[in-house]
Amino acid sequence: MEVEGSSSGARPAGLWTHLQRLVTRPGPLAHPEFTPSPEILDLLRDTVRVLVVGAGGLGCELLKDLALMGFGMIDVIDMDTIDVSNLNRQFLFRQQDVGRPKAVVAAEFIHGRVPGCTVTPHYCKIQDYDDLFYRQFHVVVCGLDSILARRWINGMLVSLLRYEEDGSLDQSSMIPLVDGGTEGFKGNARVILPGMSACIECMLDLYPPQRNFPLCTIAHTPRLPEHCVEYARLLLWPKENPWGDGAAIDGDDPAHVGWILERAQERAAEYGIAGVDYRLTQGVVKRIIPAVASTNAVVAAACATEVFKLVTSCAAPMNNYMVFNDEDGIYTYTYEHERNLQLSSGQELAVADVSTPNTVIFTLELTDA
Ligand SMILES: Nc1ncnc2c1ncn2[C@@H]1O[C@H](COP(=O)(O)OP(=O)(O)OP(=O)(O)O)[C@@H](O)[C@H]1O
Ligand SMILES: [Mg+2]
Ligand SMILES: [Zn+2]
């Protein structure tokens, strides 16, 4: 591949043609203050600092997307090590990486693949760092699998906000949060301008409750293989107590899952229900919703695009919540989720003096964060 030199290392030349077009031409969707310039790409490479939270299914996609979009200074934080079950979709990892920290391996992979892009890994929990760490970044983008962790990072960014004496928000203290989430064939992407638009706390009601089956169905009228597994798990296990001492079910212990499987198969035979096997049993016991690589790819691409828009102003950011579903055909819908100004203090620390997020287009302050 043809390579051109640059201050922070050589970069493949052809890669940037399309990005150049985006940042060197005006357009109807651009921020009113957007000044087209080829130097914007230098800014992405040398100045803008992006934090990627999570290096799992979404995180791998995000790192690849951002590195190939010209971001040159990326940090990634993840507390986990690589499991063999990650390899089918977390494509920055290989068999020989199993057991190593995801953040470290992901950074190594990007370094090897995208010259000139520096990825700094952090193998720890987001909660291990304080405000000084998070203040360094211009944008934070999340590919997490936990509501708790999302709430924590959201709270951290809200706590960094500063206000003027007249109560208005000091915009230079605001670090935008782009959040992606997926579950099977469903996903969402959102852009949060802390203190200005709806944040994670404002949207908590959107999380669906865990899917459970009615107990009467499980006990009396099973119709699905899942009902049989739930019968063994919820009713037989506590009664027969097969491992003694009220031992809890360990969904990763093949003996435990095997015990439930056998009982579930007996139940299924009694009611003429097909389809109870080990995989299904473990899936129900561990509440596994299989991760779908294509959903991750779409949601991460939407998030990376939003990061690009936020820092370049070449287009207005999404306002502010996109749902995506490719379970049956492809469906997307974007709407503006409103702030919940009734939140108790501490949930959202203060209320910014902003009429509506519609009228506000964020401009990134690139001087000091
Ligand atoms: N508090 C946290 N601090 C740092 N990283 C976190 C935190 N909470 C979750 N993560 C990381 O977010 C990532 C989420 O990615 P994902 O769920 O795709 O990976 P996984 O849990 O290994 O895969 P799967 O859930 O499909 O088995 C994980 O790698 C996990 O370590
Ligand atoms: Mg997970
Ligand atoms: Zn909020």
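Guide: Two residues count as in contact if their C-beta atoms, placed from the backbone, lie within 7 Å. Keep that handy, and remember that this is a predicted model.

Visitor: Okay, so which residues in H8 meet which ones in H9?

Guide: On the H8 side you have Pro225, Cys228, Val229, Tyr231, Ala232, Arg233, Leu236 and Trp237. Their partners in H9 are Ile260, Arg263, Ala264, Arg267 and Ala268. Sorted by character, the residues of this contact are ten nonpolar, three charged and no polar.

Visitor: How do I read the geometry of such a pair?

Guide: Packed helices are described by the angle between their axes and the distance between those axes. Here, the axes of H8 (residues 225–240) and H9 (residues 254–271) come within 8 Å and cross at roughly 120°. H8 and H9 are therefore oblique to each other, and H8 passes H9 in a right-handed crossing.

Visitor: What about the backbone; which phi and omega values deserve a look?

Guide: Most residues other than glycine have a negative phi, and most peptide bonds are trans. Now check the loop between H8 and H9, where Asn241 sits. Phi of Asn241 is positive, near 45°. Asp245 belongs to the loop between H8 and H9 too, and its phi is near 50°, again positive.

Visitor: Is Asp245 buried or exposed?

Guide: Exposed: Asp245 has 6 other C-beta atoms within 10 Å. Asn241 is exposed as well, with 11; the cut-off is 12 or fewer.

Visitor: And where is the cis peptide bond?

Guide: Go from Asn319 to Asn320: that bond is cis, with omega near -15°. Asn320 lies in the loop between helix H11 (293–312) and strand E11 (321–325).

How values were computed
Residues are numbered from 1 along each chain as its sequence is written. Chains are lettered from A and ligands numbered from 1 in the order in which they are written. This is a predicted model: local features need pLDDT of at least 70, side-chain atom pairs count only at pLDDT 80 or more; totals for chains, interfaces and linings use all residues. Axes are lines fitted to C-alpha atoms, for helices over the stretch in contact, and angles run from 0 to 180 degrees between N-to-C directions. Helices (H or I, at least four residues) and strands (E, at least two) are DSSP runs, numbered from the N terminus. Angles under 35 degrees count as roughly parallel, over 145 as roughly antiparallel, 65 to 115 as roughly perpendicular and the rest as oblique. A crossing is left-handed if the near helix is turned anticlockwise from the far one by less than a right angle, and right-handed if clockwise. Ala, Val, Leu, Ile, Met, Phe, Trp, Tyr, Cys and Pro count as nonpolar, Asp, Glu, Lys and Arg as charged, and the others, Gly among them, as polar. A residue is buried if 20 or more other C-beta atoms lie within 10 Å of its own, exposed if 12 or fewer, and partly exposed in between; C-beta atoms are placed from the backbone.
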